[in-house]
Amino acid sequence: MAELMFGMGMTKKKKADNAYVKETKDALKNVTITETVATNELKELHKRDKAAKETERNTIKDNQKVTVSETVETNELKALNARDKAEKETARETKAQLKDVNITESVEGQVRKEQNKMEKDWKEAGRQQKEDNKNFDMARALFN
């Protein structure tokens, strides 16, 4: 019969092991874990993060109360802006004054007109040549 029990895997040693496991489980059912090293580290990390965020918020609030009256940079930017405004105003005045200028004939203008006329004549001659070539018959030109 011992062989039968051994075959089923129910030896005395195994029964004792199972009983010990059951006792241990029963004993640990009532245990509550309150603190671990990991939870303590997480709590400390959370506190540090909270303190950092609070410091950041307070710094932002404190910086809102600061008033900057005048700096070298603002003075330089003001001077640069004034220079830009003066340049733009000069450009506007120049444009306004140039509206009243009358452009008269110049040598350059005459040369341009002559060149334009020559170019138009050349284009017209090219068009006329195309028209003349339409009536040209190669066969007749060879036998004449």
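Analyst: A helix here is a DSSP run of H or I with at least four residues, numbered from the N terminus. With that in hand, Ile33 can be placed in this predicted model: Ile33 sits in the loop between α2 and α3.

User: How many helices and strands does the chain have?

Analyst: The chain contains six helices and zero strands. Read from the N terminus, the order of elements is α-α-α-α-α-α. The radius of gyration is 52 Å, well over the 15 Å that the globule rule gives for 144 residues, so the chain is more spread out than a compact globule.

User: What box do the C-alpha atoms of the chain fill?

Analyst: Taken along the principal axes, the box is roughly 135 × 80 × 15 Å. One pair gives a sense of the distances: Glu119 and Asn58 are 61 residues apart in sequence, and their C-alpha atoms are 79 Å apart in space. Glu119 belongs to helix α5, residues 107–134.

User: What share of the 144 residues is buried?

Analyst: Buried means under 20% relative accessible area, and exposed means over 50%. Buried residues make up 0% of the 144 residues in this chain. Glu119, for instance, has 47% relative accessibility, so Glu119 counts as partly exposed. The accessible surface of the whole chain comes to about 14800 Å², and carbon and sulfur atoms account for 57% of that area.

User: Which residues form a nonpolar patch on the surface?

Analyst: Leu28, Val31 and Ile33 do, with about 330 Å² of accessible area together. Ile33, the loop residue placed at the start, has a relative accessible area of 71%, so Ile33 is exposed.

User: Now the charges. How many positive and negative side chains are there?

Analyst: The chain has 31 positive and 28 negative side chains. The centres of these two sets lie 9 Å apart. Side chains of opposite charge can pair when their charged atoms come close. The cut-off for a salt bridge is a side-chain nitrogen of Lys or Arg within 4 Å of a carboxyl oxygen of Asp or Glu. By this rule there are 10 salt bridges.

User: How far apart are the closest N and O atoms of Asp26 and Lys22?

Analyst: They are 3.9 Å apart, and the two residues form a salt bridge. Both residues lie in helix α2, residues 12–28, at a spacing of four residues, about one turn of the helix. Asp26 has 38% relative accessibility, so Asp26 is partly exposed, whereas Lys22 is exposed at 55%. The pair also belongs to a network of salt bridges that links Lys22, Asp26 and Lys29.

User: Where do Arg57 and Glu54 lie, and about how many helical turns separate them?

Analyst: Arg57 and Glu54 are in helix α3, residues 37–64; because they are three residues apart, about one helical turn separates them. Their closest N and O atoms are 3.3 Å apart, and the two form a salt bridge. Arg57 is partly exposed, with a relative accessible area of 44%. Glu54 is also partly exposed, at 37% relative accessibility.

User: Which residue forms a salt bridge with Arg92?

Analyst: Glu89 does, with the closest N and O atoms 2.6 Å apart. Arg92 and Glu89 are both in helix α4, residues 72–98, with a spacing of three residues, about one turn of the helix. Glu89 has 37% relative accessibility, so Glu89 counts as partly exposed.

Conventions:
Residues numbered from 1 in each chain as written. Predicted model: local features only at pLDDT ≥ 70, side-chain atom pairs only at ≥ 80, totals over all residues. Heavy atoms only, no water. Helix = DSSP H or I, 4+ residues; strand = E, 2+ residues; numbered from the N terminus. Buried < 20%, exposed > 50% of the residue type's maximum accessible area, 1.4 Å probe, protein only. Rg over C-alpha atoms; globule rule 2.2 N^0.38 Å. Areas by Shrake-Rupley, 256 points an atom, 1.4 Å probe, with all protein chains shown as cover. Lys, Arg positive; Asp, Glu negative; His and termini not counted. Charge placed at Lys NZ, Arg CZ, Asp CG, Glu CD. Patch = residues over 30% accessible without salt bridge, like charges linked within 9 Å, V, L, I, M, F, W, Y side chains within 5 Å.
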